[in-house]
Amino acid sequence: MLAQQLVNGLLLGGIYALVALAFSLTIGILNFLNFSIPALFMLGGIVSCAMLSKGYGIGLSVAVALAVTGGASLIIERFTFRWLKNSDSHIPLVSSLGFLILFENLVVIYFGSDAVGYPSPFGGASIRVAKLLLSLPQLASFAISLALIVTCYVVVTRTKLGRGLRSIAESSVISEMLGVDVGRTVSGMYLISGLLAGMGGALFGISYLQVSWDMGSEVALKGISAMVLGGMGNIWGALLGAMIIAGVEVLTISYVSSEAVNVVVYGLLLLLILVMPNGLLGDRAILVERM
Amino acid sequence: MSGYATQIAAILIINVVAAYAAYMPLACGQLNLGIAGFMAIGAYTSAVLNGHGVPLGLSILGGACASTIAGLAVSIPVLRARGIYLTIATLAFSEVVAAVLLNVNALGGASGFVVNDHMSVAPMAAVMVLVLAAVVWLSSTRFGLCMTAVRNDGRGTAVFGVKVRRVEIAALTIGAGFAGVAGALYAHHFNYLEAQHFNVLLSTYAVLYALLGGLQTPVGPLIGALVFTLVPEFLRSTDQWRYVGFGVCIILLMLLRPEGLLTRRLIHDLPFRRRLA
């Protein structure tokens, strides 16, 4: 029973980790809490769901969903970074809230306000391994999340784009002086975080077979908790934090009650930010320190 | 006034007071996304006091005191690390308050809590005017000047000997007190509380009213709350599209008028004002 719950938590954690990483990248590099990420997460789920119910294949549906979230994220970049340079630090946050309200209500208009079943071609297929019931789509989602996080780590630490990002995290003005194309680099970062959030939404649909216009908010709050727990701007921190948050959530549901989940998860977040604001693995490590 | 108009007026008054709760910390550069939590503390404290026979005015005062104390308790440890940490901490605080209220059966839990005394719109408006007067007075004092200075350049202000942390803590605490008042007004007008009402969205809207109205003058949040409460109400017939319009408005306003609707410059350019050289 305990093992089963822990496995469920682990699998849920994969999706939280994608969202946590999307938040973590924008905070680590631009010090900006991007509230449009829950909207992109939701778009990833809803768009792929709409494509699937029109009869397209799963590959094409997810690809279209990713194209939509990536494109939306680039538009958001224009309104929260490129055209807002030198503004007060709240302005991008408020604009991103504007996008959250905009996208959520557009989805309500076109898809309704009820939760929709996700017509996944894999359904609820599962296998049994030593008394543990493993859902195959959840397992696959977890593997994909893990692969994406590793890819993201490689991009940030080994590529030209990543070096640009790390230098912008240190100082945007100086990196521009040294020849980093700040506009394109930040666009790349928005694209990555948009794709991570969109993929998270599609994987959520495939794993839990339900999507709705407000699916983003709850997951986003858990993602923020995971990011703080692991350390803001820290890639492995996002993964570790997400595993712990999802584990705590699943264990609280099964051993206390489902109403107590929020008390425990957000209580943990509040306590952490008061006593250990740098998180478990250190704040902005990886992004800033290993230049 | 018709029932509909009364309802709108009540919501407007609560929104204005909540906008000032968000304005106080914003005026010195701190974003509090936990307004809903402080409102919930004010609302439930006032409702419980009232339920034990405390008169209406005193219960509202009690609610405001409780949320002020909560604001102080949150801001002192958190403001060691500012900015994004404060935003996330207040967000988490608000979620914890709502989740705890949902689980305490003595306060109705998930089924809600009935409040005794009813408060009509006129005394609510009087309370709102008091809050407004308090903010206008505060911003004319040295403390108000310090808040603006901290928002514009915290380090520079510290160089001039202002205790920046104290100013920030004071602003957040006073804001939390206002949120408590807003919550208490909500409790006594609608006479029914449910924990789910005090969610992130409520905090978000309070912050939006303040920012869209403008932080440069103490009247900004009033304008913001007025415009962004009444306009969607007039557009009610367009149903869901008005929220889409609201989202677009926020994005465009931040792009074109990042300082909000009401700026110093705008007041300066008003036709009946004598132009300064």
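The exercises below, each with a worked solution, walk through a predicted model of two chains, A and B.

**Exercise 1. The build of chain B**

Task: Find how many helices and strands chain B has, and in which pattern they follow along the sequence.

Solution: Start by counting the elements, which gives twelve helices and two strands for chain B. Then read along the sequence, where these elements of chain B follow the pattern α-α-α-α-β-α-α-α-α-β-α-α-α-α.

**Exercise 2. The overall form of chain B**

Task: Decide what the radius of gyration of chain B says when it is set against the value for a compact globule.

Solution: Begin with the 277 residues of chain B, for which a compact globule would have a radius of gyration near 19 Å. Chain B itself has 19 Å, so the value agrees with that of a compact globule. Next take the extent along the principal axes, where the C-alpha atoms of chain B fill a box of roughly 60 × 45 × 30 Å. Turn then to the interior, where 55% of the 277 residues of chain B count as buried. Finally, consider the contacts in chain B with a separation of 6 or more, of which 80% come from residues 24 or more positions apart.

**Exercise 3. The contact between the chains**

Task: Describe the contact between chain B and chain A by its residues, its buried area and its polar links.

Solution: First count the participants, which are 38 residues from chain B and 41 residues from chain A. The area buried between chain B and chain A is about 3,500 Å², and carbon and sulfur atoms give 82% of this area. Within the area that chain B buries against chain A, B:Y85, B:I88 and B:I251 supply 18%, more than any other three residues. As a next step, look for charged and polar links: the count between chain B and chain A is zero salt bridges, and it is also zero for residue pairs in polar contact, where both residues are at pLDDT 80 or more. Now ask which elements are involved; on the side of chain B that touches chain A, those giving two or more residues are α3 (56-78), α4, α9 (200-213) and α11 (241-256) of chain B. The largest share of this side, 13 residues, comes from α4(B). By class, the side of chain B that touches chain A has 29 nonpolar, seven polar and two charged residues.

**Exercise 4. A serine in helix α4**

Task: Locate B:S94, say whether B:S94 is buried or exposed, and name the residues that B:S94 touches.

Solution: By position, B:S94 belongs to helix α4 of chain B, which covers residues 84-103. Its relative accessible area is 2%, and since buried means under 20%, B:S94 is buried. Leaving aside residues up to four places away in sequence, B:S94 touches B:L33, B:G34, B:A36, B:G37 and B:S203.

**Exercise 5. Two residues with positive phi**

Task: Explain why a positive phi is worth noting in A:L209 and B:N191, and compare where these residues lie.

Solution: The starting point is that most residues other than glycine have a negative phi. Against that background, A:L209 has a phi near 60°, and B:N191 has one of about 55° although it is not a glycine. A:L209 lies in the loop between α8 (182-208) and β4 (210-211) of chain A, while B:N191 lies in the loop between α8 (164-190) and β2 (192-193) of chain B. As for accessibility, A:L209 is partly exposed at 33%, whereas B:N191 counts as buried at 17%.

**Exercise 6. Salt bridges in chain A**

Task: Trace the salt bridges that A:K222 and A:E77 take part in.

Solution: A search of the whole structure finds four salt bridges over all chains. A:K222 meets A:E218 in one of them, at 3.6 Å from N to O, and because these residues are four apart in helix α9 (residues 215-230) of chain A, about one helical turn separates them. A:K222 also forms a salt bridge with A:E249, again with the closest N and O atoms 3.6 Å apart. This pair links distant parts of the chain, with A:E249 in helix α10 (residues 235-255) and A:K222 in helix α9 of chain A, 27 residues apart. A:K222 counts as buried at 2% relative accessibility, A:E249 counts as buried at 11%, and A:E218 is partly exposed at 36%. Turning to A:E77, its salt bridge with A:R82 brings the closest N and O atoms to 3.5 Å. A:E77 is buried at 0%, whereas A:R82 is partly exposed at 28%. A network of salt bridges links A:E77, A:R78 and A:R82.

Conventions: Residues numbered from 1 in each chain as written. Chains lettered and ligands numbered in written order. Predicted model: local features only at pLDDT ≥ 70, side-chain atom pairs only at ≥ 80, totals over all residues. Heavy atoms only, no water. Buried < 20%, exposed > 50% of the residue type's maximum accessible area, 1.4 Å probe, protein only. Contact = heavy atoms within 4.5 Å. Buried area = accessible area lost by both parts, 1.4 Å probe. Salt bridge = Lys/Arg side-chain N within 4 Å of Asp/Glu carboxyl O. Polar contact = N/O pair within 3.5 Å; in protein donor to acceptor, adjacent residues only side chain to side chain. Nonpolar A, V, L, I, M, F, W, Y, C, P; charged D, E, K, R; others polar. Rg over C-alpha atoms; globule rule 2.2 N^0.38 Å.
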